Amino acid sequence: MNRILHLSDPHFGTEQGHVLQAVLQLAKSQAPDLVLLTGDITQRARRSQFAAARRFVDQLPAPVLTVPGNHDIPLFNLFSRLFTPFGNYRRVFGKVLEPEFESDSLLVIGVNTARAANHIDGEVSCQQIERVARRLGEARPEQLRIIMQHHPVCAAEQSDLSNLLIGREQAIPAWVDAGLDLLIAGHIHLPYVRPLTGTGERIGWTAQAGTALSQRVRGSVPNSVNLIIHGVDSGQHHCAVERWDYTASLQAFQRVVSTTLDVSRNT
């Protein structure tokens, strides 16, 4: 059984201490095998903000994989933005911007969708699409195949269409056909789960997470994280994405909805 905690958009520099403690308590109680952090780790990509993020990550009770978001590139320091956009990120989280994790039952592929030339928008290149599709094709049938990135590929609200990943029209069918089960992302601070289609009958899924720690919540949507639970029984995959929201009156995260995913092995 895999238990994976999905956090996104903590925006250190705007984090709330009481929510941070609640996330740590949730992580302790749920005991995930892996934590996936999908970008906008900081608010302004400053060294002090990355240092605070590192202190938080070091308190989590499981290995942590990270990818950067657009906020993890300097905004006001134009020299750094143009010549060393991921300099502060790499000092804290390592040189690899597209990490991978693999076990007998899990394959996680990181994709860096942040671009120094864009303040907000994310993009995926043809080379990234081909690399990820090739890696998905190498997965074993018993592995849950997850792509983690910052920018969303599917909108739940009309207003978010402009926030969708540039290149998604090419990437998603290619990745679903190659075996994608679940793509996780953040960026818009709105949690939801939606199906993704390939060129045939096979489907994959995408799960968005809200902001884990920041005061920059979206409307009435509270701080929110996802817990992914996956197992294989007699060759059949069982997978669910649980959404956990912060409840101010309890100063704790509570599960509010669980979505069961149909994980196909046609590919």
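In this predicted model, helix α6 spans residues 168–178. Helix α6 lies across four strands: β6, β7, β8 and β9. Of these, β7 covers residues 182–185 and β9 covers residues 203–208. The direction of helix α6 makes about 80° with β8.

These strands belong to an open sheet of six strands. The order across the sheet is β4-β5-β6-β7-β9-β8. Pairing within the sheet is mixed. Strand β4 (100–103) forms one edge, and strand β8 (192–197) forms the other. Each edge strand pairs on one side only. From one strand to the next, the twist averages 20°.

A second helix, α5, also packs on the sheet. Helix α5 is made of residues 126–137 and touches β4, β5 and β6. The direction of helix α5 makes about 175° with that of β5.

Strands β5 and β6 run parallel. Strand β5 holds residues 106–110, while strand β6 holds residues 144–148. Five bridges join the two strands. In one of these pairings, Leu 106 has Leu 144 in β6 as its bridge partner.

The surface was also examined for nonpolar patches. One such patch is made by Phe 79, Leu 82 and Phe 83. Its area is about 400 Å². Leu 82 lies in helix α3, which runs from residue 78 to residue 83. Leu 82 counts as exposed because its relative accessibility is 62%, and the cut-off for exposed is over 50%.

Technical notes. Residues are numbered from 1 along each chain as its sequence is written. This is a predicted model: local features need pLDDT of at least 70, side-chain atom pairs count only at pLDDT 80 or more; totals for chains, interfaces and linings use all residues. Side-chain values use heavy atoms; hydrogens and water are left out. Two strands pair if DSSP finds at least two bridges between them. Axes are lines fitted to C-alpha atoms, for helices over the stretch in contact, and angles run from 0 to 180 degrees between N-to-C directions. Contact means heavy atoms within 4.5 Å. Patches are made of residues with over 30% relative accessible area and no salt bridge: like charges are joined within 9 Å, nonpolar side chains (Val, Leu, Ile, Met, Phe, Trp, Tyr) within 5 Å. Accessible areas come from the Shrake-Rupley method with a 1.4 Å probe; for residues, only the protein chains shown count as cover. A salt bridge is a side-chain nitrogen of Lys or Arg within 4 Å of a carboxyl oxygen of Asp or Glu. Buried means under 20% relative accessible area, exposed over 50%, partly exposed in between (1.4 Å probe, protein chains only).
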